[in-house]
Amino acid sequence: MGPTAGTTGADGRLSDTVRLRRLRDTGMVDQGPYPSLDRLARTAAHQLRAAHAVVSLVGADHRTVAGRSGPLPEHSFCLTVVDTDAPLMVCDARVDDRVAGHAAIEDGVLAYAGFPIRSPDGYPLGAFGVLDDRPREWEPRELLLIEDLAAAAETEIALRAGERELAASASRLRRMLDDAPDAHVAIDAYGVVTGWNASAERLFGFSAIEALGRPIADLIIPERHVAAHSAGLARMHSGGASTMAGRRVELPARNRHGTEFPVEMSLQQSDSGFHAFLHDISDRSDERHQLEHERAFLQALLDSLDTGVGACDEDGRLTLFNQALRDIHGCGARSLPPEDWPRAYDLFRPDGRTPLRAEEVPLAQAYEGKRVDGAEVVIAPSGSPGRRFHVNARPLETPDGRRLGAVVALHDITEQRRAETFRELRLAVARGLADAHTAGEAADRTVAAVGAGLQWALGEFWQADDETRTITRVGSWAAPGHEVNDRPRQVRHGEGLAGHIWAAGAELWLTEVLDDPRTVLKAAQVRAAGLHSAIGVPVRSGELILGVLLFFTAAPIEPDPEVLDLLDGVCAHLGRHMERRRAEELALELASAKHEQIDQLRHVNQLKDELVGMVSHELRNPLAAIRSYSETLLEDAELTPDQRHLGEVIDRRSAHMQHLVDDLLDLARVEAGQLHIDPQPIAAARLIREVVQAHRPASDSKQLTVTVDVPRHLPVQADPVRLRQVLDNLMSNAVKYTPPGGTVTVSGHIDGEVRLEVADTGIGVPPDEYDRLFERFFRAGNAVRHGTKGTGLGLAITKAIVEAHGGQVRAAPAPGGGSVFTVVLPAAPFSEDDRWF
């Protein structure tokens, strides 16, 4: 007995929802009768010699006759069979309590034998019944026959239900294929079309009627691929497998107009042939071609740059090197982990010697999400000179923050850094020479500037002496760890590298100095100091060789013409400095000559005065132009500190020369009796304060205490310009000759005449030399010994100006040390109503 829902009663199994759904699934409700079921009913009636046989399908409130034999009474007992889901045998309905009062009795049904017809899962759908109009006893063999015929009817109904389901499934599949956005094409094993949906009609332009039954090669396969298609079918007929089944492949297709376009095909193989699903990928193909074009354009663009560009993907794998980066490294991107990048690509820190750590590589930092700007990296493959790069790196991310990788850009700044190094080196040499006070100091500063600037190991300056035919090391510098001890300080002409360069009069570049026969250094000294290449250049003054600059490097380097040009310029600068220093020393020797020699040179001095006057006048205009231009340059706010320092040196030295020229011109006017003055009443107090204020920077730099002690009204009859010149000279000397921390006092008073005094606590003047202080070109002996610069003209001009005013000037030792200078001038008429200018 099959499953039931509910119990027998008013509703019972007849109204069971699941049973009724199974009944509807047969598709036979309200449709019969069916010939096959009619035959089963007739067979039952004939074999059992009964009046009627019927195959009934029972709904909730009615029945459907699916098969019958002869005319049927209106009522039967089939509803009872379905409701009880059990066979029912009635021998005489009139006396059977189970069917007492049933309407079928009135229709003449007196005997009945029926069996339930069930669904495959056991729900009663109807009954197979045999009816007779007379009472009868049902024999077992008769009941067995009815049961077998009921089972046959059950099978028939199940087959019809299955066919209906298959038809529905096929219908649904056809609708699905027709509604599918992809074209569906089915072919048999010989390539003949057996299926063609609506999308295939739209895609290829052939209707289903036109396509079905035709070879697929005649419809959509381009002519050049037909042979390959035929070979594939032949291979499968020979027992081979399809190479495209179960895959998604892209291939060309054509429509009914012969136009080719790309499609993506998914091919499935079945027993009867193949099912292909195809869709047009023209847009995708166009996008791909556009992307490939853009990639090719981008690669060409990147390859055209002289900047090296590289990138890694989201997994940290190097994926892109442009041509410039390939040239830099001599290879392309290799699949290496970031920790191997420094070694594989010869990456070093800016010193060019220390390898980068993996986390210091700019691309690795960018891959970790950092932004790198202006990093400096040296790439130095083994056996090749290193090159310096300015590096920027950025992480690559999507707008939503997903990491795509990183990109790095390398700008070659080797030549730029080299030019900057050379420029800084020249500035360092110029600055060192400008600040040097002795030839030895100049030599030390020069070799230190060159050695440190070029990162060499050792530098020396050797000074040549033509009289003794020897060359002496007077300046040296060594980088830490490269000092050389116990080396000769002096060699003869032609000996050692310095002597050889002096003798040859030409540059020398040794790539490897070890064991070179011209060096005086021992091999052990060279190795201990880590010296390799030697570079030497003569220092000239015209044709005369003044000395030799000699340098050693910590690593072998090949001859470099640009470095030699740089050293030639340094030597020329040093040579000019040495010539100027020699001229200054000769001038000091002349200024300190003995007194008795002056009388012998008076005639020469007269001629010299005339020459000085003429030359000074000719120098005045060029010096004025130099000062004007230097002042203009110093007003530029964009000057670097080194440029400003050199500009200030030019301005300071030209100011000194202009002051010297002015002194020489004034001296020439004094000697010629042409010194012109214009005395007038002036306020000396204000003039004194202005002069003191003008010398304030110089006095502050030496931390001098400057005291001014003058009355508010100090009228004097004098030329304001010339009186200021007198005060400037006296104040300048006081500041110059007073040691740091000393005192300068300016005082004045009036007592019939004006008396001005400038006192200092400086080095003073030897007592026997005070009478000569106001002579031309005379300088006190202690000033010469201290190396204090001066010309010996200022006091001579001061004396001439004061005496031209009818006044007097004198010098004397100051109490407690130092000197005091006193100027006496005529007082001007004075009243409280006068205005002083």
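## Around helix H25

Right after H25 comes Gly806, a residue with a positive phi, near 80°. Keep in mind that everything here comes from a predicted model.

As for H25 itself, it is largely enclosed by the rest of the structure, because 8 of its 11 residues are buried. If you want to find them on screen, the buried ones are Gly794, Leu795, Ala796, Ile797, Thr798, Ala800, Ile801 and Val802.

## The largest nonpolar core

Now for the core. The largest nonpolar one is built from 41 residues. Inside it, the most contacts belong to Ile688, Val716, Leu723, Met731, Leu756, Leu773 and Val823. Quite a few elements chip in at least two residues each: on the helix side, H21 (684-694), H23 (720-737) and H25 (794-804); on the strand side, S25 (715-718), S26 (743-750), S27 (753-760), S28 (808-813) and S29 (819-826). The largest share, 7 residues, is supplied by H23.

## Two surface patches and helix H9

Moving to the surface, there's a patch of negative charge where Asp280, Asp283, Asp286 and Glu287 gather. Helix H9, spanning residues 282-304, gives the largest share of that patch, with 3 residues. Glu287 is one of the patch members, and it sits in H9. Is Glu287 buried or exposed? Its relative accessible area is 56%, and the cut-off for exposed is over 50%, so Glu287 counts as exposed.

There's a nonpolar patch on the surface too, formed by Phe297, Leu298 and Leu301. Together these three side chains' residues have about 310 Å² of accessible area. Leu301 is part of helix H9. With a relative accessible area of 41%, Leu301 is partly exposed, since that label covers values between the buried limit of 20% and the exposed limit of 50%.

## Ala358 and its distant partner in sequence

One last spot to look at is Ala358. Where does Ala358 lie? You'll find it in the loop that runs between strand S13 (347-348) and helix H12 (362-367). Ala358 has a relative accessibility of 25%, so it counts as partly exposed.

Which residue is 19 residues from Ala358 along the chain, with its C-alpha atom 4.8 Å away? That's Glu339: the two C-alpha atoms are separated by 4.8 Å in the model.

Conventions: Residues are numbered from 1 along each chain as its sequence is written. This is a predicted model: local features need pLDDT of at least 70, side-chain atom pairs count only at pLDDT 80 or more; totals for chains, interfaces and linings use all residues. Side-chain values use heavy atoms; hydrogens and water are left out. Patches are made of residues with over 30% relative accessible area and no salt bridge: like charges are joined within 9 Å, nonpolar side chains (Val, Leu, Ile, Met, Phe, Trp, Tyr) within 5 Å. Accessible areas come from the Shrake-Rupley method with a 1.4 Å probe; for residues, only the protein chains shown count as cover. A salt bridge is a side-chain nitrogen of Lys or Arg within 4 Å of a carboxyl oxygen of Asp or Glu. Lys and Arg count as positive and Asp and Glu as negative; His and the chain ends are not counted. The place of a charge is taken as NZ of Lys, CZ of Arg, CG of Asp or CD of Glu. Helices (H or I, at least four residues) and strands (E, at least two) are DSSP runs, numbered from the N terminus. Buried means under 20% relative accessible area, exposed over 50%, partly exposed in between (1.4 Å probe, protein chains only). A nonpolar core is a set of buried Ala, Val, Leu, Ile, Met, Phe, Trp, Tyr and Cys residues joined through side-chain atoms within 4.5 Å.
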